[in-house]
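Here are my notes on the model you sent over. Have a look at it first, then go through the points in whatever order suits you.

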Amino acid sequence: MAEFTMELNDEQKEVRDWLHGFAADVIRPAAAEWDEREETPWPVIQEAAKVGIYSLDFYAQQYFDPTGLGIPMAMEELFWGDAGIALSIVGTGLAAVGVLANGTEEQIGTWIPQMYGDATDVKVAAFCSSEPDAGSDVASMRTRAVYDEANDEWVINGTKTWATNGGIANVHVVVASVDPELGSKGHASFIVPPGTRGLAQGQKFKKHGIRASHTAEVVLDDVRVPGSCLLGGKEKLDERLARAREKAKAAGGVGVPPAGGWGSVKNAAMATFEASRPAVGAMAVGTARAAYEVALEYARTREQFGRPIIDNQGVAFQLADMRTQIDAARLLVWRASWMAISGKRFTAAEGSMSKLFASETAKKVTAQAIQILGGNGYTREYPVERMHRDAAIYTIFEGTSEIQRLVIARTLSGMPIR
Ligand SMILES: Cc1cc2nc3c(=O)[nH]c(=O)nc-3n(C[C@H](O)[C@H](O)[C@H](O)COP(=O)(O)OP(=O)(O)OC[C@H]3O[C@@H](n4cnc5c(N)ncnc54)[C@H](O)[C@@H]3O)c2cc1C
C-alpha cells in the first residue's frame, strides 16, 4: 500500500504538465464556442483521442495509480480547462467503470473498446441510472428487465433521464430492476449494444452550465438484449439475489435492524457512488482553481482609485479565502482517493465529505470570482460567468450536497437518518 503523500512524483508531474498543456492549448480556447453551441465537441474529443487522453488505457493507468492521485490530478487539470468539454471527454469513463466493476473479462474486452472507438472514429458511452421518479432515491427505480428464458434474452422497459451522452452513445449501460421487492438490491446492469431496436433518445436538455456535455432522456421500449449483456452474468446475479432474499428474510422485514446495525446497510442511493465521488470533487477543484486564477490576475491588474483593486483588504481577503478553500478541498479529495485505492474503509464517509466540500467550494469561489471582476465578471467576455454556471452541477450530480450530508451523518451516527 502506498503511503499517503501530498506531493506528486516525477512521472505524475510529467502527466499533469502534459494534461495542463492540452487543457490550456486545446480545451480552454474552445470552451466559449461549445458552451454557446450546446453541442458535443466531437473535434476536441477527437484531438484528445489522437494524443491518448481519450482512451481506456489512459483512464486505467490513472485509475490504478497506487498513490490514488492519478484520477484526481487528471480531473483537476481537464476541468481547469473547461467543465463542459472535459465532461464530454471523461463521461464515457462512467459507463466504462460500470463495466470494469461488474463485468466479466469477456464483457470488458468486448464492450469497452466499442465505447471509445478510435482516433479516426471516436465513440462515446452513456451510463443510465437516474429516472424521472428515481433521482436521489435510486431504490425506487421503475425500469424493469425481465428474463426471456426461451430466447436467452433480457427485455428492458422504462425511461431513463439525465443520461450524459444518452442517445448519442455507441454503447449504453442501463441499470434496471430485476426484482422490485428487493429495492436497490434487486438492480442489475445491462449493456445495450449499438443499434439495438427500442432504445431512443428522448428530450435533450438545455442546461444552465456544462452545456458542451450532452444530457438527455433515454427511452427503452421492449429493448431486447442477449443474455450475455447482463453484466457479471446470470449465475452471479442469481446468487446475489438469493443472498439478498435470504438476508431480507433473516432481518424479519422492514424496520428491523440487521446484525451489523443500521450503519452496515448499504443503500444504493447513498452508497453506490461513494468511491467515485472524490473524482467529482476533483472536477470541482479544477473549476474553482480556474476561476480563482482569473480573479487573482484581474485583481492585480485592474486599477480603481489609483491602485490595483487587490490593494483593498476586502478584495485580497476574498482571494485568500478562495485559495484556502480550494487547497482544503484538494486535500480532502486526495485523502479520499488514497483511501479508496488503498482499500481503507470510509468510516466517516470521507468520499462524500470530499465531494460535498469541493463542490460547495466551487460554487462559492466562482461566485466570488464574478464579484471580483465586477461588470466584466458578469459578461461572457470573461470566463468566470461560464465557470459559475458550470460549478452548479457539482452539488447536484453523483449525489446532491444534501445526500452527501445524509451519507456522512448516517455513517457517523450509525442510524437510519431520513
Ligand atoms: C447535467 C447532469 C448530468 C447527469 N448525468 C447523469 C448520468 O450520466 N447518469 C445518471 O444516471 N444520472 C445522471 N444525472 C442525474 C443526477 O445524478 C441526479 O440529478 C441527482 O442524483 C439528483 O436527482 P434528482 O435530479 O432527481 O433530484 P431529487 O432527488 O428530486 O432531489 C431534489 C432536491 O431534493 C433534495 N433531496 C432529495 N432527497 C432528500 C433527502 N432525503 N434529504 C434531503 N434532501 C433531499 C435533493 O438534495 C435536491 O436538492 C445527471 C444530472 C445532471 C443534471
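What follows is a set of numbered points on charges, contacts, surface patches and backbone.

1. A reminder before anything else: this is a predicted model. Please read each distance and accessibility below with that in mind.

2. Let's start with the salt bridges. The count comes to 26. One to look up is the pair Arg 16 and Asp 17, where the closest N and O atoms are 3.2 Å apart. Arg 16 has a relative accessibility of 28%, so it counts as partly exposed. Asp 17 is partly exposed too, at 46%.

3. Another salt bridge joins Arg 37 to Glu 39, with 3.3 Å from N to O. Arg 37 is at 40% relative accessibility, which makes it partly exposed, and Glu 39 is put in that class by its 37%.

4. For a salt bridge inside a helix, go to α10. Asp 327 and Arg 330 pair up there through their side chains, at 3.3 Å from N to O. Why do Asp 327 and Arg 330 sit about one helical turn apart? Because they are three residues apart in helix α10, which covers residues 313-341. The two partners fall on either side of the 20% cut-off for buried: Asp 327 is partly exposed with a relative accessible area of 29%, while Arg 330 is buried at 18%.

5. Some of the charged side chains form a network rather than a simple pair. Salt bridges link Asp 35, Glu 36, Glu 38, Lys 206, Arg 211, Arg 380, Glu 385 and Arg 389. I'd display this set together when you go through the model.

6. Glu 77 deserves its own view. This residue is part of helix α4, residues 70-81. Is Glu 77 buried or exposed? With a relative accessibility of 5%, Glu 77 counts as buried. Which side chains does Glu 77 contact? One is His 20, by a polar contact of 2.8 Å, and another is Arg 289, where the polar contact is 3.1 Å.

7. Asp 179 is another buried acidic residue, with a relative accessibility of 12%. Its place is in the loop between β6 and β7. The side chain of Asp 179 makes a polar contact of 2.9 Å with that of Arg 245.

8. That β6-β7 loop also contributes to a charged surface feature. Lys 185 is found in the loop, between β6 (171-177) and β7 (187-192). Together with Lys 236, Arg 240, Arg 243 and Lys 247, Lys 185 makes up a patch of positive charge on the surface. Lys 185 itself is partly exposed, given its 40% relative accessibility.

9. There is a nonpolar surface patch as well. Phe 4, Met 6 and Leu 331 form it, and together they have about 280 Å² of accessible area. Phe 4 comes from the segment before α1 (10-37). With 32% relative accessible area, Phe 4 is partly exposed.

10. Two C-alpha distances are handy for finding your way around. Ala 369 in helix α11 (residues 350-377) is buried, at 0% relative accessibility. Its C-alpha is 9.2 Å from that of Ala 288, and the two residues are 81 apart along the chain. The second distance starts from Ile 108, which is in helix α6 (residues 105-116) and is partly exposed at 21%. From the C-alpha of Ile 108 to that of Ile 341 is 20 Å, with the two positions 233 residues apart in chain numbering.

11. Finally, the backbone. Most residues other than glycine have a negative phi. Asp 152 has a positive phi of about 45 degrees although it is not a glycine. Where is Asp 152? Look in the loop between β4 (144-148) and β5 (153-164). The residue is partly exposed, with a relative accessible area of 39%.

12. Phe 305 is also a non-glycine residue with a positive phi, here about 55 degrees. Phe 305 is found in the loop between β10 (303-304) and β11 (307-308). Is this phenylalanine, Phe 305, buried or exposed? At 84% relative accessibility, Phe 305 counts as exposed.

Terms used:
Residues numbered from 1 in each chain as written. Predicted model: local features only at pLDDT ≥ 70, side-chain atom pairs only at ≥ 80, totals over all residues. Heavy atoms only, no water. Patch = residues over 30% accessible without salt bridge, like charges linked within 9 Å, V, L, I, M, F, W, Y side chains within 5 Å. Areas by Shrake-Rupley, 256 points an atom, 1.4 Å probe, with all protein chains shown as cover. Salt bridge = Lys/Arg side-chain N within 4 Å of Asp/Glu carboxyl O. Lys, Arg positive; Asp, Glu negative; His and termini not counted. Charge placed at Lys NZ, Arg CZ, Asp CG, Glu CD. Helix = DSSP H or I, 4+ residues; strand = E, 2+ residues; numbered from the N terminus. Buried < 20%, exposed > 50% of the residue type's maximum accessible area, 1.4 Å probe, protein only. Polar contact = N/O pair within 3.5 Å; in protein donor to acceptor, adjacent residues only side chain to side chain.
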